[in-house]
Amino acid sequence: MNITLFVWRQKNADDRGKMEKYLAKDISSHMSFLEMLDVVNEDLVQNDVEPIAFDHDCREGICGMCSLVVNGTPHGPERGTTICQLHMRHFKDGDNIYIEPWRARAFPVLRDLVVDRTAFDRIMAAGGFVSINTGGTPDANALPIPKTDADTAMDAAACIGCGACVAACKNASAMLFVAAKVSQFASLPQGQAERKERVTNMLAQMQLEGFGNCSNYYECEAACPKDISVKFIAKMNREYLRASCLKE
Amino acid sequence: MILDPKIPSGPLAEKWNKHKFDMKLVNPANKRKYKAIVVGSGLAGGAAAASLAELGYQVSCFCYQDSPRRAHSIAAQGGINASKNYQNDGDSVYRLFYDTIKGGDFRSREANTYRLAEVSANIIDQCVAQGVPFARDYGGLLDNRSFGGAQVSRTFYARGQTGQQLLLGAYSALSRQIGLGNVIMHTRMEMLDLVVVDGRARGIVVRNMVTGEVSSHAADAVILATGGYGNVFYLSTNATGCNVTATYRAHKKGAFFANPCYTQIHPTCIPVAGDYQSKLTLMSESLRNDGRIWVPKKQGDERPADQIPEDERDYYLERKYPSFGNLAPRDISSRSAKEACDDGRGVGETKVGVYLDFKDAIKRLGKDTIAERYGNLFDMYNRITGEDPYTVPMRIYPASHYTMGGLWVDYNLESTVPGLFVLGEANFSDHGANRLGASALMQGLADGYFVIPYTLGNFYARSGVSDVTTEHPEFKKVEADVAERTNKFLSIGGKRTPDSFHKELGKVMWENCGMGRNEAGLKKAIELIPKIREEFWSNLKVLGKGEELNQSLESAGRVADFLEFAEMMCHDALDRDESCGAHFREEHQSDEGEAVRNDKDYLYVAAWEYAGVGKKPNLHKEPLVFENVELATRSYK
């Protein structure tokens with residue numbers, strides 16, 4: 001099939017950037033979306049046009065590196081699917097496809113479709129951990145954890161940190177990302193000692209980074225490739241409330 | 001040069017304890033005087049960086065991704081082994097050690113493998129304390145599953161995302177140290193060379209992948225945890241960015257490369273669909289419990305699967321290995337699939353694939369049971385291929401998955417360059433010629449959490465603070481070399497992209513140094529590779545500049561190193577004139593197609609010393625001494 005692409009091109013963080021039109025010719029329906037871009041890039045280079053820069057690594061939906069807004073939706077039209085796992089059979093001959101980077105103040109564009117997501121790392125460094133050192137830990141079975149609690153923690157821990165939730169949100173909020181980590185630890189006994197500080201510090205860092213707040217549109221959940229539920233945002237809000245009440 | 005593995009004396013079970021006592025310590029107040037550079041932020045690198053910072057050393061950590069959380073350890077699905085014996089089924093440190101040695105076809109070092117089994121239990125304790133949500137049973141205790149190559153249930157798992165959860169555990173520990181200011185994290189930074197002064201590793205030269213700036217970083221020790229080289233085949237289950245550059249550059253600076261020909265091919269991956277393919281996706285091996293593998297009996301049979309009658313199908317694994325059937329080990333299963341396809345009986349559009357059929361299992365157990373067992377895998381397959389495995393048999397084919405070879409290290413994980421340590425998949429140490437399932441995660445974390453924190457302290461205490469700063473002329477020289485190389489890529493002005501060369505190399509390697517190897521094929525590859533390399537350096541096309549985010553430029557550097565590394569890999573495969581584990585020399589097989597080892601002549605680690613581009617590297621042998629286990633023939637009949 002042949003497809004017309006409209007792709008965001010931007011030389012660097014200071015450049016204004018604009019949409020450019022390219023043709024993707026003889027695309028097989030078995031290709032993944034990123035393989036289609038590989039083919040287009042190969043073609044661009046042959047025509048002395050610099051290839052489109054985009055982030056990708058594992059190409060199996062787990063590393064969280066890929067980050068394209070396709071036709072207005074982060075990771076494209078298929079629910080629960082990263083863009084690297086989306087295949088061209090979901091498109092048809094003659095389609096127009098618009099490809100843009102994540103757009104959020106806290107995720108500045110570095111080049112074309114590549115953005116800077118280090119804000120997420122700084123939120124993690126503010127409290128996304130249990131403060132224990134290597135060694136000297138008790139036997140793993142010394143502390144039984146109810147299966148339902150462990151399962152809830154795992155549901156939250158499945159987040160791949162891609163930032164689609166931010167890109168989907170009209171407030172560019174990172175609430176779903178932060179809530180997933182807060183909820184993982186709040187569901188487990190290991191997380192109890194720092195429960196209060198964690199939610200407080202991570203949310204403070206989130207605000208500092210310029211992410212917005214939540215106004216309950218649930219766009220984040222719809223865009224999340226790992227189907228992380230917005231119920232964790234509610235859980236985080238309860239954690240935050242609890243932490244505020246317990247302040248000395 | 002004599003390769004000294006520095007294995008501690010004494011009985012196997014007491015070596016590590018004894019060594020921990022014999023090693024020198026760094027006084028807590030003095031630790032902050034020592035700097036460590038950690039390259040790579042996966043299980044081994046992330047765990048090492050966090051643990052060393054907790055001890056009080058100054059740590060700088062580098063990764064090429066935009067966040068340390070994205071390292072490819074994250075993609076491991078199955079689980080992590082540990083000799084906890086929680087299931088009361090007879091597991092022990094010795095049994096895990098023995099299974100690993102046997103699985104590696106008696107080509108690994110006893111002492112290292114024993115230590116790995118010994119610290120495996122600590123890893124699980126550590127990860128649980130970090131809040132890693134392992135699977136649990138209803139009583140709240142940890143659940144285990146069984147895995148290939150073992151008769152006990154010792155594998156801990158977190159759904160199908162064990163690697164992800166373990167990596168996020170290490171990443172959270174690392175994040176804490178970054179927040180405390182004890183680790184300086186450098187993301188989107190690629191190591192392009194190692195700096196050695198007076199025979200000691202002093203630091204690295206890196207390129208900032210956003211600005212293109214080349215900079216030097218000095219330290220008292222350098223730790224490489226940069227993963228494997230499976231992408232030498234171009235197509236593999238590795239992430240597209242995985243590369244050999246860091247370890248190969250260190251090799252060129254004096255670090256010996258051990259057993260590069262030991263590469264593992266995983267039997268159940270989704271087959272290649274076309275020339276545009278950029279990577280291969282693994283499907284869990286557990287599928288072989290209920291799926292039956294077959295190809296048509298007739299060559300070039302174009303009929304769809306459901307129109308091929310039962311008596312015209314060849315269930316070749318069941319035919320050749322009646323007792324193990326579809327559960328034959330990875331290497332045997334992989335080679336049989338290749339044989340069938342080479343014989344013109346492959347299936348699918350490209351004819352490079354075999355069927356994995358669930359029809360009988362669905363008839364026997366019902367669709368619901370199959371969905372419960374494999375639902376997520378079936379969905380993933382459907383997403384990628386657009387075919388429904390409940391009604392149409394899956395197509396699978398083997399793919400490069402893991403590399404057992406790596407930089408040579410001694411018992412302390414130190415390479416032949418003093419002050420250069422190598423961890424995880426990047427070293428060669430623990431898996432011999434073949435790795436068992438669920439052991440890669442174990443090794444990465446063992447090295448990072450529980451080995452390097454001890455052995456690095458010993459090195460510091462004995463060697464002292466390095467007096468070489470980045471002002472040293474050697475740093476300037478290496479920086480200039482790196483800049484010159486970058487300019488070279490940009491100035492060739494040819495016609496072909498780095499990717500096209502990588503694909504060409506991958507094909508040569510897959511055909512001649514892949515699942516099955518023989519003398520003629522390897523010699524052919526050794527002839528072909530220099531020709532590709534020559535064309536690369538005269539006909540490469542990289543657009544753009546060095547001082548900007550330039551993904552083609554990054555790719556060019558990695559492909560250039562693969563083009564040299566591949567030749568060494570072929571030399572190693574040619575030189576090892578025996579079959580062992582994943583290294584299958586077609587000249588050495590039994591009547592049943594099993595690997596035939598030659599313990600008399602090849603009971604050694606092949607450690608290669610760099611001799612120049614296009615020159616055969618110099619071979620150094622580290623004899624393998626087995627004091628505790630008896631060399632046996634692996635049998636899966």
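How are H2(A) and H5(B) oriented to each other? I looked this up in a predicted model.

**Entry: the helix pair**

I took helix H2 of chain A, residues 118–127, and helix H5 of chain B, residues 162–179. They pack at an angle of about 85 degrees. Their axes lie 7 Å apart. Angles of 65 to 115 degrees count as roughly perpendicular. H2(A) and H5(B) are therefore roughly perpendicular to each other.

Next I listed the residues that meet. H2(A) brings A:Asp121, A:Met124, A:Ala125 and A:Ala126. H5(B) brings B:Ser172, B:Ser175, B:Ile178 and B:Gly179. By class, I noted four nonpolar, three polar and one charged residues in this contact.

**Entry: chain A against chain B**

I then turned to the contact between the chains. Here 65 residues of chain A are in contact with 64 residues of chain B. On the chain A side, I found at least two residues from each of helix H1 (33–46), strand S6 (109–111), H2, helix H3 (147–157) and helix H5 (175–186). By class, that side of chain A has 31 nonpolar, 19 polar and 15 charged residues.

**Entry: the domains of chain A**

Last, I checked how chain A is divided. Domain 1 runs over 3–111 and domain 2 over 117–245. Over C-alpha atoms, I have 29 Å between the centres of the two domains of chain A. In chain A, 17 residues of domain 1 are in contact with 17 residues of domain 2. The domain 1 side of this contact has seven nonpolar, eight polar and two charged residues.

Terms used. Residues numbered from 1 in each chain as written. Chains lettered and ligands numbered in written order. Predicted model: local features only at pLDDT ≥ 70, side-chain atom pairs only at ≥ 80, totals over all residues. Axes fitted to C-alpha atoms, helices over the stretch in contact; angles between N-to-C directions. Helix = DSSP H or I, 4+ residues; strand = E, 2+ residues; numbered from the N terminus. Parallel < 35°, antiparallel > 145°, perpendicular 65-115°, else oblique. Contact = placed C-beta atoms within 7 Å. Nonpolar A, V, L, I, M, F, W, Y, C, P; charged D, E, K, R; others polar. Domains from an automatic or database assignment.
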